[in-house]
Structures are given as C-alpha cells and as structure tokens.
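Here is a short briefing to read alongside the model. Take a moment to look over the sequence and the fold, then follow the topics below.

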Amino acid sequence: MPEEETTPPIVKEEEIAVEKKPSAREVDMSSWTPKTDLGKRVKGGEFSDINQVIDAGKKIKETEIIDALLPGMETDLLLIGQSKGKFGGGKRRIFRQTQKKTQEGNKPHFLALAVVGNRDGYVGLGAGKAKETVPAREKAYRKAKLSIIKIRRGCGSWQCGCKTGHSIPFKVSGKCGSIEIVFMPAPKGTGLKAEKECQKILRLAGITDIWSKTRGTTTTKLNVMYACFDALKKLMDTKIKSEDYEKMGIVEGNQK
Ligand SMILES: [Zn+2]
C-alpha cells in the first residue's frame, strides 16, 4: 500500500484503549437475508462445512457465511501505526494515520489491520481505511473475515517428530514489498519465535511452535503482516506425498 505516512497526534489515547477490545460480532442467522448464491446455499444448508466452500475455490462475499460455517472466530487488531515520540521510537498504535493533500487542505485517514481466526486452522487478514477510526476498524474486520484461508499444520521438525499439528510441515516464505519472511518448523515447546504482531496471526491460525527469519525494512509493519500472511498461504500450495501426511501429522484446516 503505497501511501504517504504522517503521524499527527489526532487520536486520543483513551479512545484507542476502548477500541482495542472489540465485542464479539456474531450475527443472528435468522435475520440474515443472503445476497449471493453462495450465501443462499449456506443458509439453505447445502454447504455446511467451510472446507466445501474453500476447496471449491468459491469467493466469499458475505461475512455471515463465515459466521455460519466458522462460529466463534476471534478477532484482533494489529499494531501498524506509530506516533512520533519526542524521544525517538513512539508507541505502536492500532491505527495508522495517513494524510492526503487536497485543495481543501490535509484530509486525515485511518488505516487498521485486523486478523480473524479460530485458533484451529483458519485465519484471515484484512485492512480497512476510512476517515474515522470506527469504520476503518469495522472494514478491516469485514475484509479479514472475507479473506479466510485454510492453514496446513504439521510437525516438520526432525528434532521433534511428534506427528501432530503444533507447527508447520515444511519451510515456507512470503513476500510483501521489500519484506521477506521465512517460517520454519520448530519442535514442541519452542513457542512462536516471530515478530510480535506476526505472533497474533500465527496464534489465531492455530500454530504454537515456529521459527522465523525476516529480511527487509521491518519498520513498515503493514508489509511484515502481509508477508506473514503470504507465507501462511503457501503452506497449502505445496503438493504433499500421501505417506508424508501421516509422517508429519498434517492437519489441513481442522481436518486430519
Ligand atoms: Zn512435533
């Protein structure tokens, strides 16, 4: 996202503190009137498993589809903004402020990045931009839900070899801008050895042990997050030999 970044201190700290803890946003299914064909088939019960939707490569355009097929998703906002502190490194914030110079003057915009996941094989990442903080956050949640991907987990660590889905089965890398992230399988008990905001994505994806390497200018947190998500997408891209499924205890989404 190439945008000029400036950080005027417009948002008050108290405001941010309240917005950090969003309430659960489950939808009452009976009041949902599906607008897309897929939505109608989900509400009608034709699709009752998220894997049917993802495996068929269907594009999800209604968040209610996720609410119906993956209830209990957790959400979090990633710290992508930074205020310019008087003494150098400022505090990380959940909103990044950008300013557009127009004829009427400077127009501030807020950008938020949200992650949603069920801690069990499904995760999504989405950005939202708006003139106010609340709609930016809501857009980000919506987009994150609509971008849900299936995560292939497993134990690809030769030191561990426990045949469960606590880590990843093999090394993957992801890119965004100048950033490149490499994730590597790690033995049980390692924890998430990754950048702090990446940990949120990994945790909500259901991964508990991982090693990582990051290359590039990591001051652009947004690119780091997108590179992280890009790497996770690649887990499903690699073809796996049938014998390796058992050997590495591979779990795809929530299925063994
Ligand atoms: Zn293991």
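## An enclosed strand and its surroundings

In this predicted model, strand β6 (residues 122–130) is largely enclosed by the rest of the structure, because 7 of its 9 residues are buried. The chain that surrounds this strand contains 8 helices and 13 strands, and 39% of its 256 residues count as buried. Taking contacts between residues at least 6 apart in sequence, 62% join residues at least 24 apart.

**Confidence**

- The mean pLDDT of the chain is 87, with 86% of the residues at 70 or more.
- Residues 5–25 call for some care: the pLDDT there is below 50, and beyond near neighbours in sequence this stretch has 25 contacts in the model.

**Strand β6 and its partners**

- Strand β5 (residues 105–117) runs antiparallel to β6, and 8 bridges join the two.
- To find the register of this pair, look for valine 116, which stands opposite glycine 124 in β6.
- β5 and β6 make a hairpin with 4 residues between them, and arginine 119 in the turn has a positive phi of about 60°.
- β6 also pairs with strand β7 (residues 149–150), in the antiparallel sense and over 2 bridges.
- Here valine 123 is the residue to look for, as it stands opposite isoleucine 149 in β7.

**Methionine 73, beside the end of β5**

- Methionine 73 sits in the loop between α4 (63–69) and β1.
- Is methionine 73 buried or exposed? Methionine 73 is buried, because 23 other C-beta atoms lie within 10 Å and 20 are enough to count as buried.
- Leaving aside residues up to four places away in sequence, methionine 73 touches Ile66, Val116, Gly117 and Asn118.
- Methionine 73 and valine 116 are 43 residues apart along the chain, yet their C-alpha atoms are separated by 6.3 Å.

**The four-stranded sheet**

- A second region worth your time is an open sheet of 4 strands, with the order β9-β10-β12-β11 and mixed pairing.
- Its edge strands are β9 and β11 (192–193), each of which pairs on one side only.
- Strand β9 (residues 172–176) and β10 run antiparallel and are joined by 5 bridges.
- Within that pairing, serine 173 has valine 182 of β10 as its bridge partner.
- β9 and β10 form a hairpin with 2 residues between them, where glycine 177 in the turn has a positive phi of about 60°.
- On to the next pairing: β10 and strand β12 (residues 210–215) are antiparallel, with 6 bridges between them.
- Two residue pairs fix the register of β10 on β12: glutamate 180 has arginine 215 as its bridge partner, and valine 182 has lysine 213.

**The two faces of β10**

- Which side chains of strand β10 (residues 179–185) point to the buried face? Ile179, Ile181, Phe183 and Pro185 do, and these residues are buried.
- Glu180, Val182 and Met184 point to the other face and are not buried.

**Helices α6 and α7**

- The axes of helix α6 (residues 196–205) and helix α7 (residues 221–234) come within 9 Å and cross at roughly 30°.
- That angle is under 35 degrees, so α6 counts as roughly parallel to α7.
- On the α6 side, Glu197, Cys198, Ile201 and Ala205 make the contact, and on the α7 side Lys221, Val224, Met225, Cys228, Phe229 and Leu232 do.
- The α6 and α7 crossing is right-handed.
- α7 also lies across β9, β10 and β12, and runs at about 140° to β9.

**What covers α6**

- Helix α6 is mostly covered, with 7 of its 10 residues buried.
- The buried residues of α6 are Glu197, Cys198, Lys200, Ile201, Leu202, Leu204 and Ala205.
- The elements that cover them include β1 (74–78), β5, β6, β11, β12 and α7.
- Glycine 206 follows α6 and has a positive phi, near 100°.

Terms used:
Residues are numbered from 1 along each chain as its sequence is written. This is a predicted model: local features need pLDDT of at least 70, side-chain atom pairs count only at pLDDT 80 or more; totals for chains, interfaces and linings use all residues. A residue is buried if 20 or more other C-beta atoms lie within 10 Å of its own, exposed if 12 or fewer, and partly exposed in between; C-beta atoms are placed from the backbone. Two strands pair if DSSP finds at least two bridges between them. Two residues are in contact if their C-beta atoms, placed from the backbone, lie within 7 Å. pLDDT is the predictor's confidence in each residue, from 0 to 100. Axes are lines fitted to C-alpha atoms, for helices over the stretch in contact, and angles run from 0 to 180 degrees between N-to-C directions. Angles under 35 degrees count as roughly parallel, over 145 as roughly antiparallel, 65 to 115 as roughly perpendicular and the rest as oblique. A crossing is left-handed if the near helix is turned anticlockwise from the far one by less than a right angle, and right-handed if clockwise.
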